[in-house]
Amino acid sequence: MNDRAYSEILSRFSLDLPVNPFGNGHINSTFRVGEPPQYILQKINTNVFTDPDGLMENVTAVTEHLRKKIAAEGGDPDRETLTFLPTATGAYYYRAENGECWRVYRFVGDSHVYEAATPELFAQSAKAFGHFQKLLSDFPADRLHETIPRFHDTGARLEQLREAIAKNKSGRADEVGSEIEFAFARAGEADTIVSALQTGKIPLRVTHNDTKLNNVLFDDRTNRALCVIDLDTVMPGSLLYDYGDALRFGASTAAEDETDLEKVRFDFDLFRAYTNAYLEALSGSITEREIALLPTGAKLITLECGMRFLADYINGDVYFRIHREKQNLDRARTQFKLVADMESKWDEMQKIVAGAKAAFCK
Ligand code: ADP
Ligand code: GN1
Ligand code: MG
């Protein structure tokens, strides 16, 4: 795209500022607007989010709710949640003639994200996601569109993997036999969380569903977690999805796409730090059954993410953005390595959860 094309998009939001690429997400395309940046311009990935109207209704309703809550508790809504800009017609995104959907929101200045955690930083992000969960506890779930149906239905994700293998669009299924075997060997556990929700054993909540460390902005000045971002997957779900997704990314000793699996381990200090801070933040609202399922949440969401990367590799890299060959396969392998690590130290995981429960949920 050239500068004129960006100007044309920005003019719909009554802005005229320079645009530069930004961010590291796998789904949307993100740009900084202004120098120093004042806004974020984002192209919504409409292959993934097929209903941009429903998506933007969700995020504007959720941020409106959060604004009120943050203001009521004496916080700064301009920095602690996202603020979307309407176009001249009052819509919260602009659909260009070529069908692309663009949105603009305020850049939160003097903030940064992390791609890797320390126990202190990770505890900060747990606190932020726990607080986020609490602030949305009275948000009417029936107002939300399901932006990606069955997003964290691990059994359905396994079926999608099965389909990818059957179609074998890329011809790559033959080279990943051991990864496929790893996923299917755990098929019997895949439905644990969804079944617990369906039978009412654990509550359906409004959850974030994409709780990667880099979806929390940290304040440059205090280095405390400031703002939960990337709200596209806020939907009814289980708190175990949020907990599990945070751990699969943040408690790894290596990057999500590390090629040397020797470097990839599930770090128990990080696991402990996150679990303690999460239970502290949710004390009084998290249920006994949810606590008991925390290790399962960590394992299943990690397994699920591995299956999604593997399916995408077999489908020919059509969902997650890649920057090099085999990146999705490497991503799948790191997730499976983390699952194997968790399984080998399952007792330790349970002990850490029990310790956190004793300390913070009396
Ligand atoms: P994706 O869906 O592609 O992951 P995100 O919404 O997470 O997109 O944005 C990508 C990156 O852009 C974030 O990790 C963060 O670094 C930066 N970012 C997003 N929103 C803001 C904001 N309001 N202020 C400052 N930086 C932001
Ligand atoms: C995607 O958009 P981003 O990069 O924050 C994905 C998540 C995955 C994650 C893996 C809508 O998140 O579900 O866990 O990549 N988002 C969507 O890194 O599929
Ligand atoms: Mg993101």
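**Exercise 1. Identify the polar contacts of ligand 2 in this predicted model, and state how much of the ligand the protein buries.**

Solution. Begin with the side chain of D210, where an N or O atom lies 2.9 Å from an oxygen atom of ligand 2; this pair falls within the 3.5 Å cut-off for a polar contact. Next, turn to Y319, whose side chain places an N or O atom 2.5 Å from an oxygen atom of the ligand. Then take the backbone into account, since a polar backbone atom of H26 is found 2.8 Å from an oxygen atom of ligand 2. Finally, consider the area: ligand 2 taken alone exposes 440 Å², and 97% of that is buried by the protein.

**Exercise 2. Describe the shell around ligand 2 by residue, class and secondary structure, and explain why the ligand lies between two domains.**

Solution. Start with the count, which is 19 surrounding residues, the closest being H26, K212, E256, R308 and Y319. Sorted by class, this shell comprises eight nonpolar, four polar and seven charged residues. Then assign residues to elements: helix 8 (239-250) and helix 11 (294-315) each contribute at least two residues to the shell, and helix 11 gives the most, namely three. For the last step, note that domain 1 (3-109) and domain 2 (119-360) both give residues to the shell around ligand 2, so the ligand lies between them. The space that ligand 2 takes is the largest pocket.

**Exercise 3. Carry out the corresponding analysis for ligand 1, beginning with its contacts and ending with the domains that supply its shell.**

Solution. Consider the backbone contacts at the outset: a backbone N or O atom of R106 lies 3.1 Å from a nitrogen atom of ligand 1, while a polar backbone atom of N214 is 3.0 Å from an oxygen atom of the ligand. To these add a side-chain contact, in which an N or O atom of N28 is 3.3 Å from an oxygen atom of ligand 1. On its own, ligand 1 has 550 Å² of accessible area, of which the protein covers 96%.

Proceed to the shell, where 19 residues surround ligand 1 and the closest are R106, V108, N214, N215 and D230. The classes divide into nine nonpolar, eight polar and two charged residues. Among the secondary structure elements, strand 3 (39-44) and strand 5 (101-106) each supply at least two residues of this shell. At the domain level, at least three residues come from each of domain 1 (3-109) and domain 2 (119-360).

**Exercise 4. Locate the cis peptide bond that involves P36 and the positive phi of S14, and place both residues in the chain.**

Solution. A general expectation comes before the two cases: most residues other than glycine have a negative phi, and most peptide bonds are trans. Against that background, examine the bond joining E35 and P36, which is cis with omega at about 0°; P36 itself is found in the loop between strand 2 (29-33) and strand 3. Then examine S14, a residue other than glycine, whose phi is positive and near 60°. S14 belongs to the loop between helix 1 (3-11) and strand 1 (19-22).

How values were computed. Residues are numbered from 1 along each chain as its sequence is written. Chains are lettered from A and ligands numbered from 1 in the order in which they are written. This is a predicted model: local features need pLDDT of at least 70, side-chain atom pairs count only at pLDDT 80 or more; totals for chains, interfaces and linings use all residues. Side-chain values use heavy atoms; hydrogens and water are left out. A residue is near a molecule or strand if one of its heavy atoms lies within 4 Å of it. A polar contact is a pair of N or O atoms within 3.5 Å; within protein, one must be able to donate a hydrogen and the other to accept it, and residues adjacent in sequence count only if both atoms are side-chain atoms. Accessible areas come from the Shrake-Rupley method with a 1.4 Å probe; for residues, only the protein chains shown count as cover. On a 1 Å grid over the protein atoms alone, a cavity is a set of points where a 1.4 Å probe fits but cannot get out, and a pocket is an open set with protein on both sides within 12 Å along at least five of seven lines; lining residues have an atom within 4 Å of a point. A molecule sits in a cavity or pocket if more than half of its atoms lie within 2 Å of its grid points. Helices (H or I, at least four residues) and strands (E, at least two) are DSSP runs, numbered from the N terminus. Ala, Val, Leu, Ile, Met, Phe, Trp, Tyr, Cys and Pro count as nonpolar, Asp, Glu, Lys and Arg as charged, and the others, Gly among them, as polar. Domain bounds come from an automatic or database domain assignment.
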